[in-house]
Amino acid sequence: MNATMFSALAPILMLSLTAIVLMIQASIKRDQSVAWVITGVGFLLTLWSASYARDFTQPVTILLQVDHWSLFFTSLILIASLVTLVLSKDTFSSEGERKEEYYLLLVLSVLGAVVLIQSSHMVSLLLGMELMGVALYAMIAFPERGQLPLEAAVKYLVLSACASAMLLYGFALIYAATGELSYSGIGSRAAVAYAKNPMLVMAGSAMVLAGIGFKLSVAPFHMWTPDVYEGAPTPVTGFLATVSKGAVFVALTRFYIDGSLYQFSDLNTALAALAIVSMLVGNWLALRQENIKRLLAYSSIAHFGYLLVVLIALTYLDTGLVNQSITFYLTAYIVTTLAAFTVVSMVTGEDTAKQNIGAFAGLFWHRPLEASALTVAMLSLAGIPLTAGFMAKFFVITVGIQSGLWGLLAVLIVASAIAIYYYLRIIFAMTKSAESPGNSANWQEKIVALALMISILVLGAWPQPFIAYAGLL
Amino acid sequence: MVMINLILILLIGGLLAILSERISDTMPRKVAMAIVLIDLLYLLICLSGMPDITQLQAPVANDPSTWLMHFKADWIPAFGISIELALDGISLLMVLLTLILGAIAISASWTDIVVRKGFFEANLLWSLAGVLGVFMALDLMLFFLFWEVMLIPMYFMIAIWGHENRGYAAMKFFIFTQASGLLMLMSILALVAINYSATEVWTFSYFDLLHTEMTEQVAHWIMLGFFIAFVVKLPGFPFHTWLPDAHTQAPTAGSVILAGILLKTGAYGLIRFAVPLFPEAALNFSSAAMWLGAAGVVYGAVLAFGQTDFKRLIAYSSVSHMGFVLLGIYAWNELALQGAVMQMVAHGFSTAALFMIAGSLQERLHTRDMREMSGLWQQMPRMGAMAMFFVVASLGLPGLGNFVAEFLILLGLFQVNIWITVIAATGLITGAAYSLLLMQRSFQGEANKKWVDYGLVDFGPREMLTMAVMMVALIVLGIYPQPILDAAQPVLQSLLNLTTLPAVAIVEVL
């Protein structure tokens with residue numbers, strides 16, 4: 001380790017520092033609003049340090065790879081975490097006595113996500129994933145009243161543990177086959193190992209994919225998703241849907257590219273099957289959902305199905321366009337999903353009865369800002385032009401056509417057509433006439449909703465700067 | 001810039017309409033009307049400085065400098081996507097039709113809309129802006145963008161201000177057009193990818209993509225993607241099922257825009273993109289397309305005959321009339337194409353007028369069921385006379401625009417395929433049957449006692465003026481169609497030059 005390596009690690013160090021300061025603060029004076037401010041300042045400083053670290057990109061030990069791509073995603077999830085933080089303020093102020101721990105858990109979870117994004121080795125992958133996950137269990141179960149959060153947390157905990165076990169076993173098998181744990185090491189030896197013992201490599205990679213697939217909640221590993229989305233407090237659900245899933249997908253991309261796993265057609269077939277099932281199951285099951293959080297859960301299953309198509313295209317294309325597509329898609333997905341959860345959190349608070357689509361009736365006339373933001377988010381998820389989601393889909397289809405993945409694209413078209421129905425249902429519900437439900441959102445949340453809505457529209461209407469930027473990462 | 005301004009005026013006008021609701025309740029409709037008229041005036045002033053389009057040389061389809069107007073600016077250079085707009089005779093006709101019918105739609109919404117007027121007029125203006133974009137965009141991505149985005153205000157118009165079953169109708173409308181739009185997106189991207197692999201240049205420009213080399217089979221599939229998207233919007237049999245619901249449930253102004261303008265975007269797309277981009281594939285497909293067109297003519301007419309709902313009947317008659325357009329386009333010779341363009345314009349006026357009458361009836365009677373209407377002429381003679389005029393226009397009475405259109409189509413079609421012509425011609429007879437039935441059931445016959453003392457108000461000056469505009473238009477089209485034909489002729493000629501279709505097609509004559 002030399003000095004520049006510490007500079008490269010600045011975001012991780014800054015987050016760790018924030019966690020320590022939070023603990024010290026809790027031991028001196030317990031105060032929720034102070035903890036909130038410390039966390040916010042910590043995130044902002046980390047955001048700054050991520051741009052500072054851009055001048056020092058390098059592999060840091062064998063475990064972490066700090067480069068522009070990972071720093072971009074670090075910044076992105078920090079922004080998402082800041083949004084989570086803003087939403088959390090109101091959500092937990094009415095809960096029992098001790099709330100500071102929530103902020104500590106949030107910081108730790110973000111730290112895990114950053115490690116995951118920068119990982120270049122199976123150990124750091126596992127460390128990051130577990131740190132992020134363990135903190136999340138507690139965040140999901142945080143509300144003291146009500147059974148749903150507890151049920152959701154236990155479900156997530158038990159199934160996550162299974163997934164981790166699967167992941168570890170996969171690592172062991174890959175290690176047995178290649179004798180390597182770092183991605184690049186695996187990449188250089190995989191072909192030889194495969195020639196010698198194909199079953200071992202395939203079984204190992206398949207188990208790793210299954211473990212990661214669980215975290216991404218691609219079908220058929222999606223069973224936990226709707227319950228956890230519904231049970232968790234809304235800001236935490238938004239965090240899970242954006243930061244956690246985004247970080248895991250970045251790690252998967254890394255692993256898939258650096259580990260040269262795309263050279264195995266069997267794995268690609270498996271991924272294609274996951275993608276097809278996710279697109280269809282996610283959209284199909286979303287059709288009948290009445291609870292908007294469950295609906296968004298199924299929608300996210302479908303979206304990771306779309307994203308997997310890009311990963312499969314790696315076999316046929318150079319990594320440049322694929323990386324660009326993944327960067328754009330994940331950014332669009334994270335911004336859009338955050339906007340949706342921001343509005344859901346503003347409108348429903350933690351009242352489960354208000355999470356039904358019917359409860360959104362009349363939103364257009366009583367709370368135009370929230371309704372517009374949710375409309376834009378829904379149109380973006382559905383992939384209508386002028387929104388970020390459309391450009392994201394544009395990338396997926398372009399990449400798919402260039403790779404000749406016609407079957408997958410056909411499924412994508414069918415799935416997207418199904419999806420329009422349930423996104424429109426929400427918009428339609430908002431246009432109905434209804435009594436005013438009262439207004440409880442604070443001004444920070446309004447600013448966040450407005451900013452996210454504008455970001456979606458800018459990414460969709462004037463994407464050139466971002467595309468150019470993503471191409472340089 | 002003129003073309004950008006045309007769209008911007010409408011977009012900004014929409015915002016003004018929303019804001020003007022704060023001044024007074026009746027302000028939005030006045031603002032919206034003013035905006036559309038300003039837009040129309042602006043276009044006419046800009047055109048007056050141009051050479052007379054009827055004297056214009058044939059624009060070369062793949063040379064933008066020969067077009068009336070052309071504008072290009074970078075948008076997403078990473079993929080060669082630009083903001084490219086151009087205007088030729090056909091686009092100009094469609095743009096004029098859009099703006100005139102836009103003003104008529106606003107007039108139709110004058111008293112029809114009672115809640116959230118500002119937002120309604122804004123949606124109306126925005127959908128007009130989207131349609132203008134469709135008629136002018138020549139970058140395929142930009143075209144797709146307008147194609148999709150114009151649906152959103154239309155969706156809101158149906159979903160918020162529609163009739164009893166609006167949720168279902170709006171959803172169906174949106175899903176049909178979106179799903180088919182996705183097919184078109186795939187086709188656009190496939191076409192661009194093929195061009196990219198040949199030239200190593202990303203471009204979505206129509207002018208660059210016109211002569212993309214590809215194998216016959218690939219061309220066939222890509223062409224189908226475009227074809228389905230356009231035929232859904234047209235709507236052609238068997239993709240028409242969204243139309244009766246959407247038209248019936250939409251508020252009057254929405255129906256006017258849907259039938260008068262939105263359907264024409266499908267026909268325009270076929271003429272501009274689906275055939276010229278893939279001439280050989282379109283030729284091979286032309287007889288299938290013509291059979292679909294003929295099926296639409298007959299099927300739409302038969303179903304129209306069986307309707308009891310005033311608006312639904314008109315909606316099915318649109319399916320029948322649009323079948324003629326499909327026939328005219330795929331016959332792909334000058335006569336038939338002239339007829340198709342003529343039909344687009346004439347049908348726009350006649351159907352818009354009929355929908356407006358339907359809307360006025362609904363506003364007064366609170367029903368669209370023709371079984372409850374009878375002898376309404378006695379209470380509302382002016383409305384009855386208007387209905388009579390537009391019904392006979394719609395059934396193709398010689399001397400009015402629709403007759404010229406259908407006659408030209410059949411004439412052109414006869415050179416290509418006699419049997420299809422025979423079948424399509426029966427549409428004229430069935431058309432007469434359902435149109436007169438509509439008239440008899442609602443306005444003629446013994447007066448229904450229910451309405452005698454109901455206090456029905458006849459058409460006032462505003463409605464009569466609106467009707468008069470459309471009447472004059474149809475009469476002019478019917479008696480002196482030459483200006484329209486002249487405006488379209490050079491463009492059609494240049495499109496025909498692009499393809500080898502007519503020469504080969506004539507060989508196929510029985």
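**Two chains and the packing around α18(B)**

Q: Among contacts in chain B between residues at least 6 apart in sequence, what percentage join residues at least 24 apart?
A: The model is predicted, so that local features need pLDDT of at least 70 and side-chain atom pairs pLDDT 80 or more, while totals for chains, interfaces and linings use all residues. Residues are numbered from 1 along each chain as its sequence is written, chains are lettered from A and ligands numbered from 1 in the order in which they are written, and side-chain values use heavy atoms, with hydrogens and water left out. A contact means heavy atoms within 4.5 Å. For chain B, with pairs at least 6 apart in sequence as the base, the share joining residues at least 24 apart is 81%.

Q: What is the radius of gyration of chain B?
A: Chain B has 22 helices and two strands, which are DSSP runs numbered from the N terminus (helices H or I, at least four residues; strands E, at least two). The globule rule, 2.2 Å times the number of residues to the power 0.38, gives 24 Å for 510 residues. The value for chain B, taken over C-alpha atoms, is close to that, so chain B is as compact as a globular protein of that length, with a radius of gyration of 22 Å.

Q: What percentage of the residues of chain A count as buried?
A: Chain A comes to 20 helices and two strands, and its C-alpha atoms fill a box of roughly 70 × 55 × 45 Å along the principal axes. Buried means under 20% relative accessible area, exposed over 50% and partly exposed in between, with a 1.4 Å probe and protein chains only. Of the 473 residues of chain A, the buried share is 64%.

Q: Is A:Thr342 buried or exposed?
A: A:Thr342 lies in helix α14 (residues 319–348) of chain A. Not counting residues up to four places away in sequence, A:Thr342 touches A:Val83, A:Leu87, A:Glu445, A:Val448, A:Ala449 and A:Leu452. Its relative accessibility is 0%, so A:Thr342 counts as buried.

Q: Are α12(B) and α18(B) roughly parallel or roughly antiparallel?
A: Axes are lines fitted to C-alpha atoms, for helices over the stretch in contact, and angles run from 0 to 180 degrees between N-to-C directions. Under 35 degrees counts as roughly parallel, over 145 as roughly antiparallel, 65 to 115 as roughly perpendicular and the rest as oblique. The axes of α12 (residues 279–305) and α18 (residues 418–442) of chain B come within 8 Å and cross at roughly 20 degrees. The two helices are therefore roughly parallel.

Q: How many nonpolar residues are in the contact of α12(B) with α18(B)?
A: Residues of α12(B) including B:Met290, B:Trp291 and B:Phe305 meet residues of α18(B) including B:Ile420, B:Tyr434 and B:Leu437. Ala, Val, Leu, Ile, Met, Phe, Trp, Tyr, Cys and Pro count as nonpolar, Asp, Glu, Lys and Arg as charged, and the others, Gly among them, as polar. The contact has no charged residues and four polar ones, and its nonpolar residues number 14.

Q: How far apart are the axes of α16(B) and α18(B)?
A: Helix α16 (residues 381–394) of chain B packs on α18(B) at about 170 degrees, which makes the pair roughly antiparallel. Residues of α16(B) including B:Met388 and B:Val391 make the contact with residues of α18(B) including B:Leu436 and B:Met439. The distance between the axes is 9 Å.
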